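Student: I would like a close look at a single part of this model, taken slowly and then set beside a few other places in the chain. Could you walk me through one helix and what surrounds it?

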Amino acid sequence: MAIHPIEYRYGNPEMKDLWSEDYRFRCLFRVEAALSRAEEELGLIPAGAADDISRAAAKASPDRAKEIEDEIGHDMMAVVHALAEACEWAGEWVHLGATSNDILDTATGLQIKASLEVLEEKVKRVLGVLLKRAEVHKGLVCAGRTHGQIGVPTTYGLRFAVWASEMARHLERLAQMKPRAAVGKMSGAVGTQAAFGADGMKIQERVMEILDLFEVDVSNQVVQRDRHAEMICWMGLVASTLEKICVEIRTLQRSEIAEVSEVFGKRQVGSSTMPHKRNPIKSEQVCGLARIVRAQMEPAFANIPLWDERDLTNSSCERILFPEAFVFTDHILALTARILEDMSIDFENVERNLHLLSGLNMAESVMVELAKRGVGRQKAHEIMRGASMRAVEEGQTLASVLAEEDAVAVHLSPEEIDRLLDPHHYIGTAVEQVDRLLLKLSPLLD
């Protein structure tokens with residue numbers, strides 16, 4: 001019976017497969033095979049043993065390993081016995097010199113490496129959609145907002161560009177973090193490599209070469225968990241950016257704003273009782289699951305201070321921590337990409353909201369021009385503050401109030417005031433900033 005929503009509601013098959021029980025066992029068998037290969041090359045086990053163990057690793061049964069674990073109560077030794085049973089003659093050479101976490105942590109490194117490669121492509125997909133949207137809408141002037149209130153104009157292109165720049169930083173962070181997270185080790189008990197003899201460092205290096213993993217510099221009995229905590233932090237950052245995007249989409253889909261909307265299927269139902277509803281449920285799902293991803297940071301940090309050379313408090317925790325973090329991060333990346341790809345923009349409502357305050361949101365434009373014409377910035381600010389308050393109190397447009405202000409009329413003609421109050425003429429370098437970002441970030445998608 002399925003219990004966890006990952007099993008029946010959330011997650012993409014590609015990522016879920018990487019954290020499935022079967023894939024985990026395959027990684028464990030693969031690491032054992034790589035260890036035997038390195039040991040044979042260095043003369044620690046008989047010639048031909050590595051081939052026998054490698055063949056066994058390809059056919060060893062995860063189910064048999066679970067049966068053995070039920071008998072002996074040790075998950076890693078169950079893997080060793082299951083692999084040894086599948087060998088023709090070299091079973092006694094399986095796991096020579098290794099400690100459990102040599103195999104467990106290195107197998108986790110394989111899972112992490114494959115998972116980060118999947119996430120990298122998903123981050124690039126979101127980045128690509130945002131850059132395309134930024135280019136298409138770089139000249140679409142809209143109301144900027146601060147504190148939930150309409151401010152001076154911005155453009156949708158700049159809004160998308162801000163998000164794209166953030167996603168690009170996540171790619172940069174990923175490239176820096178990957179060599180620290182996708183690692184393996186062969187340290188033996190407590191980290192001295194004593195059971196491997198003088199060839200311990202060579203064995204570790206060769207195993208990681210075979211597995212195409214990064215090698216730890218030093219370790220005790222476990223890979224140090226600061227590496228994993230950094231990785232989880234990275235996923236928390238990605239999730240927070242996705243939530244940031246989707247919070248804005250939800251805001252802009254509010255009935256009284258209605259500038260953007262998620263795609264809504266022909267037979268889609270918005271509410272069980274209010275038939276008219278078109279709720280931003282996909283964006284809301286991203287925001288909700290982002291909280292779960294960020295919640296993984298606390299246990300990831302708690303796993304860093306283990307007792308002495310190791311304890312087992314991290315083990316049970318990580319069986320939940322890693323799959324949830326990766327599956328949910330992958331899920332909301334894919335979902336956000338689809339939201340952005342299918343999202344529609346209501347251009348009429350964008351223009352309506354741009355003029356919703358009858359010119360009040362353009363007070364800065366007039367203030368700056370007055371300052372340039374010798375009024376002085378502070379005095380100009382007070383003139384425009386007073387005019388704005390009067391417009392609100394009297395229900396007038398800002399243009400009509402300014403026409404009656406002698407302190408303004410002496411410097412600006414009615415035609416100049418009209419131009420200064422036109423939001424389409426007050427977007428500064430918004431378009432140029434988008435163009436510059438496109439030149440910088442587009443190569444990341446090649």
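**A close look at helix α11**

Tutor: In this predicted model, the buried residues of α11 pack against three other helices, namely α10 (226–252), α12 (297–302) and α13 (313–342). Helix α11 itself covers residues 281–295, which makes 15 residues, and from its first C-alpha to its last it reaches 21 Å, close to the 21 Å expected at 1.5 Å a residue. The residues of α11 that are buried are S283, V286, C287, L289, A290 and V293. In reading such a list it helps to recall that an α-helix has 3.6 residues a turn, so residues three or four places apart point the same way. The list for α11 includes S283, V286 and C287, as well as A290 and V293.

Since C287 is among the buried residues of α11, the cysteines deserve a word. A disulfide is a covalent bond between the sulfur atoms of two cysteines, and a search of the whole structure finds zero of them. C317 is in no disulfide, the nearest cysteine sulfur being that of C233, 14 Å away. For C142, the closest cysteine sulfur belongs to C246 and lies 18 Å off, so the two are too far apart for a bond. C142 is also buried, with a relative accessible area of 0%.

Loops offer a useful comparison with the helix. In the loop between β4 (214–215) and α10 sits S219, which counts as buried because its relative accessible area, 17%, falls under the 20% limit. Leaving aside residues up to four places away in sequence, S219 touches K185, S187, V190 and G191.

M362 is found in another loop, the one between α14 (347–354) and α15 (363–372), and M362 is buried as well, at 1% relative accessibility. With residues up to four places away in sequence again not counted, the contacts of M362 are P153, L420, L421, D422, P423 and Y426. From M362 to E14 the separation is 348 residues in sequence and 50 Å in space, C-alpha to C-alpha.

Finally, there is the surface to consider. W93, in the loop between α6 (75–86) and α7 (100–136), is partly exposed, with a relative accessible area of 31%. Together with W89 and L96, W93 makes a nonpolar surface patch of about 280 Å².

Definitions and conventions. Residues numbered from 1 in each chain as written. Predicted model: local features only at pLDDT ≥ 70, side-chain atom pairs only at ≥ 80, totals over all residues. Heavy atoms only, no water. Helix = DSSP H or I, 4+ residues; strand = E, 2+ residues; numbered from the N terminus. Expected span 1.5 Å × (residues − 1). Buried < 20%, exposed > 50% of the residue type's maximum accessible area, 1.4 Å probe, protein only. Contact = heavy atoms within 4.5 Å. Patch = residues over 30% accessible without salt bridge, like charges linked within 9 Å, V, L, I, M, F, W, Y side chains within 5 Å. Areas by Shrake-Rupley, 256 points an atom, 1.4 Å probe, with all protein chains shown as cover. Salt bridge = Lys/Arg side-chain N within 4 Å of Asp/Glu carboxyl O. Disulfide = S-S within 2.5 Å.
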